[in-house]
Amino acid sequence: MSQPNKRQPPGKIFSGSKLSDFADHGKTNMLIIIEGEQIIYSSPLYMQMMGYSEGDSISATQNNVWENIHQDDQDKIKKIIREDIKKKKPYSIYALRVRTRQGHYIWREDYASYQYDATGKHIRTYVICRELPSSEKNEKEIITNELNKFKVLIAEDNRVNMILTKDLLEHILPDCQIIEARNGQEAVNLYKQQLPDMVLMDIHMPEKDGYQATREIRIYEDKSGLKKRPIIAITARIHEGERERCLESGMNDYLPKPIQEADFNYTINKFVNIYTDNNK
Amino acid sequence: MQAIQPDSEMTKKLYDIKLINQLSHGKQDLVNHILQVFIEDSQISLQNIKKGLDNADFNALRQEAHILKSSIMLLSIEELIDNIKEIEELAEKQDCLDRLIVLFSHLESHIQLTINQINKDMNAAK
């Protein structure tokens, strides 16, 4: 039986907006690893969910992971995964029906995280899954709809950075709406007009810097009784104490330039998760 | 405004797109687009920095140097990283105009060499 690469514990590579729904749900999480369309690993917990006991032959059940998926859902799920990988999406969330060893069907919700190498070639798909009580079957649609409406304002005066930041963001949140501001004043104006769910704020911009723009946004939120949206600084400045200055002006976090993808993904996901949890 | 390139400069790699490749997940169209935007915008930045020097407008100079710095770091133009940081810092202190002129001269010529090399590489890849 193939084993997951021990140098990369599966639990550390997941990223996405809804991971907390799985990790913090208080229910058992189960893991499946797929290469191509072949299941190469399924955790003992997964086997338990499917009604197998420890004494059962695991190798025999490996082949049944696909087969146990309801016929109506099987092709649909394979198609979703194939298309996601083609579009180089980082993750996907879907619900499906699986047949247990006892022969009855249960609803399961999967969080599939796609791993790519530096050239963009797909390597593996890691799936964590949980049994979904029938009352929660529509949760996926609700959360997805919320994320579709997720608006991010990027304030950035360097076009190269704007292009890359947008691309990184679309990689994590493929369906989000991006609003672009070229300077601090435009950021404040667009914030008031569009009320984005998150702001990525360059610090050193013409007309109004990121500190001042953030202060004005916070004052506007207070006066209007609005919930404070996360504002994340992205800056190439090198001065000591800059992080503290960002936080003092009302920003929630700080990312240095040039952007490192892992840091970027971690920080964005952190605030998207808070948003998702608050909107349940 | 094509600069004459000494042979030794043309054989040396003046920039590195490793970071851009990583961030763009190897999407060649996106990498090319970013390089094209760098070529266009760095020349605008050079013009604006020159204007700032001519008018001793330190604020404009600092602003433009800061914009260019991000791109220089992203393209790992090692020769210019310290140069552009020093321009930004001196402009912020509103000091050393003579030194700024020297630094700018090197910045301008090296950016031009880098652009020439990028163009050459992009044409070779077509």
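Begin by selecting chain B and colouring it by secondary structure, which shows six helices and zero strands, in a model that is predicted. If you follow the chain from its N terminus, the elements come in the order α-α-α-α-α-α.

Keep chain B selected and turn on its surface, whose accessible part comes to about 6300 Å², with 50% of that area belonging to carbon and sulfur atoms. Of the 126 residues in this chain, 48% are buried. If you then display contacts between residues of chain B that are at least 6 apart in sequence, you will find that 69% of these contacts join residues at least 24 apart.

Next, bring chain A into view and select the residues on either side of the boundary, where 28 residues of chain B are in contact with 26 residues of chain A. The area buried between the two chains is about 2400 Å², and carbon and sulfur atoms give 59% of it. To see where chain B loses the most area to chain A, select B:L23, B:H25 and B:H66, which together account for 27% of what that side buries.

Stay at this boundary and look at the charged and polar pairs. The count between chain B and chain A is three salt bridges, and one of them can be found by selecting B:E40 and A:R159, whose closest N and O atoms are 2.8 Å apart. Across the same interface, ten residue pairs are in polar contact, with both residues of each pair at pLDDT 80 or more.

Which elements of chain B give two or more residues to the side that touches chain A? They are helix 2 (18–23), helix 3 (28–54), helix 4 (58–74) and helix 5 (78–93). Helix 4 of chain B is the one to highlight, as the element that gives the most to this side, with nine residues.

Finally, move to chain A and select helix 7, residues 159–172, which has 14 residues and reaches 20 Å from its first C-alpha to its last, close to the 20 Å expected at 1.5 Å a residue. Just before the helix, select A:N158, which caps the N-terminal end of helix 7, with a side-chain oxygen 2.8 Å from the backbone nitrogen of A:V160. Is helix 7 of chain A mostly covered or mostly exposed? The helix is mostly covered, since eleven of its 14 residues are buried, among them A:V160, A:M162, A:L164, A:D167 and A:H171.

Technical notes: Residues numbered from 1 in each chain as written. Chains lettered and ligands numbered in written order. Predicted model: local features only at pLDDT ≥ 70, side-chain atom pairs only at ≥ 80, totals over all residues. Heavy atoms only, no water. Helix = DSSP H or I, 4+ residues; strand = E, 2+ residues; numbered from the N terminus. Buried < 20%, exposed > 50% of the residue type's maximum accessible area, 1.4 Å probe, protein only. Contact = heavy atoms within 4.5 Å. Areas by Shrake-Rupley, 256 points an atom, 1.4 Å probe, with all protein chains shown as cover. Expected span 1.5 Å × (residues − 1). Polar contact = N/O pair within 3.5 Å; in protein donor to acceptor, adjacent residues only side chain to side chain. Buried area = accessible area lost by both parts, 1.4 Å probe. Salt bridge = Lys/Arg side-chain N within 4 Å of Asp/Glu carboxyl O.
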